[in-house]
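Trainee: I've got a fresh model open and would like to talk it through. Can we start from one residue and work outwards?

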Amino acid sequence: MKNKKIQPKKPATKRKKNALTANDQKHLVPVVVKLLKTAKGHSKAVNNTYIKRYVRHQTGISLYPHQVRSILHHIRTKGLVNCVIAAHAGYFIATNANEIVVYRKALQKRIKEIAHISAAIRKQAQGQFAKQKQLKSRKMRKTITSKRKK
């Protein structure tokens with residue numbers, strides 16, 4: 001009898017780190033949407049801790065801070081509540097166009113800062129780990145090459 005090559009099992013499909021389950025979307029998102037709709041203006045901002053307590057009071061479900069952020073990300077990217085701004089005081093609905101302009105400028109500044117750090121880390125890694133296989137991957141070379149052309 002020949003030895004048959006055993007095929008490895010396919011890994012179970014993993015959901016994205018921030019992806020919400022159907023249960024989250026059905027039971028938790030509407031609760032947070034209802035709360036956010038009351039947070040009109042900076043003075044009525046709701047922070048992560050307040051949202052966790054509100055959800056626990058309404059549903060009996062305790063959430064971790066990262067779960068609250070995932071729910072808020074879903075709400076904001078799907079447009080379930082428009083113009084939700086994240087500030088030091090918490091999350092709130094913008095009451096005027098200037099708040100949106102200021103918030104978007106702050107986001108753009110953060111994007112530039114993150115890109116700058118990413119480029120610096122890439123450059124450092126090229127020098128320090130140049131012989132390692134991970135940095136020589138096609139995707140990494142393509143990224144490095146495209147950055148140099150700009």
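Mentor: Sure, and keep in mind that this is a predicted model. Let's begin with isoleucine 51 and its surroundings.

Trainee: Which residues does isoleucine 51 touch, not counting those up to four places away in sequence?
Mentor: Skip the residues up to four places away in sequence, and a set of six names is what you should look for around isoleucine 51: Val32, Leu35, Val46, Val68, Leu72 and Tyr91. Isoleucine 51 is also one of the residues that touch the most other members of the largest nonpolar core. So that you have the partners in one place, the definition of contact is heavy atoms within 4.5 Å, and the list again is Val32, Leu35, Val46, Val68, Leu72 and Tyr91.

Trainee: Which residues touch the most other members of that largest nonpolar core?
Mentor: The core has 22 residues. Isoleucine 51 is on the list, and the full list is Val32, Leu36, Ile51, Ile71 and Ile75.

Trainee: Which element gives the largest share of this core?
Mentor: The elements that give two or more residues are H1, helix H2 (48-59), H3 and strand E2 (90-93). With seven residues, the largest share comes from H1.

Trainee: Leucine 35 was among the partners of isoleucine 51. Is leucine 35 buried or exposed?
Mentor: Leucine 35 lies in helix H1. Its contacts, leaving out residues up to four places away in sequence, are Val46, Tyr50, Ile51 and Tyr54. The cut-off for buried is under 20% relative accessible area, and leucine 35 has 5%, so it counts as buried.

Trainee: How many Å separate the C-alpha atoms of leucine 35 and tyrosine 54?
Mentor: Tyrosine 54 is on the contact list of leucine 35. Along the chain the two are 19 residues apart, and their C-alpha atoms are separated by 8.0 Å.

Trainee: What about glutamine 58 and valine 32: how many Å apart are they in space?
Mentor: Glutamine 58 is found in helix H2, and at 41% relative accessibility it counts as partly exposed. Valine 32 is one of the residues that touch the most other core members. The pair is 26 residues apart in sequence, and C-alpha to C-alpha the value is 9.9 Å.

Trainee: On to the helix pairs. How are H2 and H3 oriented to each other?
Mentor: Their axes come within 10 Å and cross at roughly 90°. The contact is made by Asn48, Ile51 and Lys52 of H2 and Pro65, Val68, Arg69 and Leu72 of H3. By class that is four nonpolar, one polar and two charged residues. An angle from 65 to 115 degrees counts as roughly perpendicular, so H2 and H3 are roughly perpendicular.

Trainee: And at roughly what angle do the axes of H1 and H3 cross?
Mentor: H1 covers residues 22-36 and H3 covers residues 65-77, and their axes come within 10 Å. The contact is made by Gln25, Leu28, Val29, Val32, Val33 and Leu36 of H1 and Ile71, Leu72, His74 and Ile75 of H3, with eight nonpolar, two polar and no charged residues. This pair also counts as roughly perpendicular, and the angle is roughly 75°.

Trainee: Is histidine 74 buried or exposed?
Mentor: Histidine 74 lies in helix H3. Leaving aside neighbours within four places in sequence, histidine 74 is in contact with Leu20, Gln25, Val29 and Leu80. Its relative accessibility is 14%, so histidine 74 counts as buried.

Trainee: Which residue has a positive phi although it is not a glycine?
Mentor: Look in the loop between H3 and strand E1 (84-87). The residue there is partly exposed, with a relative accessible area of 43%. Its phi is about 60°, and the residue is cysteine 83.

Trainee: Zooming out, what pattern does the chain follow along the sequence?
Mentor: There are five helices and two strands in the chain. Of its 150 residues, 24% count as buried. Read along the sequence, the pattern is α-α-α-β-β-α-α.

Notes: Residues are numbered from 1 along each chain as its sequence is written. This is a predicted model: local features need pLDDT of at least 70, side-chain atom pairs count only at pLDDT 80 or more; totals for chains, interfaces and linings use all residues. Side-chain values use heavy atoms; hydrogens and water are left out. Axes are lines fitted to C-alpha atoms, for helices over the stretch in contact, and angles run from 0 to 180 degrees between N-to-C directions. Helices (H or I, at least four residues) and strands (E, at least two) are DSSP runs, numbered from the N terminus. Angles under 35 degrees count as roughly parallel, over 145 as roughly antiparallel, 65 to 115 as roughly perpendicular and the rest as oblique. Ala, Val, Leu, Ile, Met, Phe, Trp, Tyr, Cys and Pro count as nonpolar, Asp, Glu, Lys and Arg as charged, and the others, Gly among them, as polar. Buried means under 20% relative accessible area, exposed over 50%, partly exposed in between (1.4 Å probe, protein chains only). A nonpolar core is a set of buried Ala, Val, Leu, Ile, Met, Phe, Trp, Tyr and Cys residues joined through side-chain atoms within 4.5 Å.
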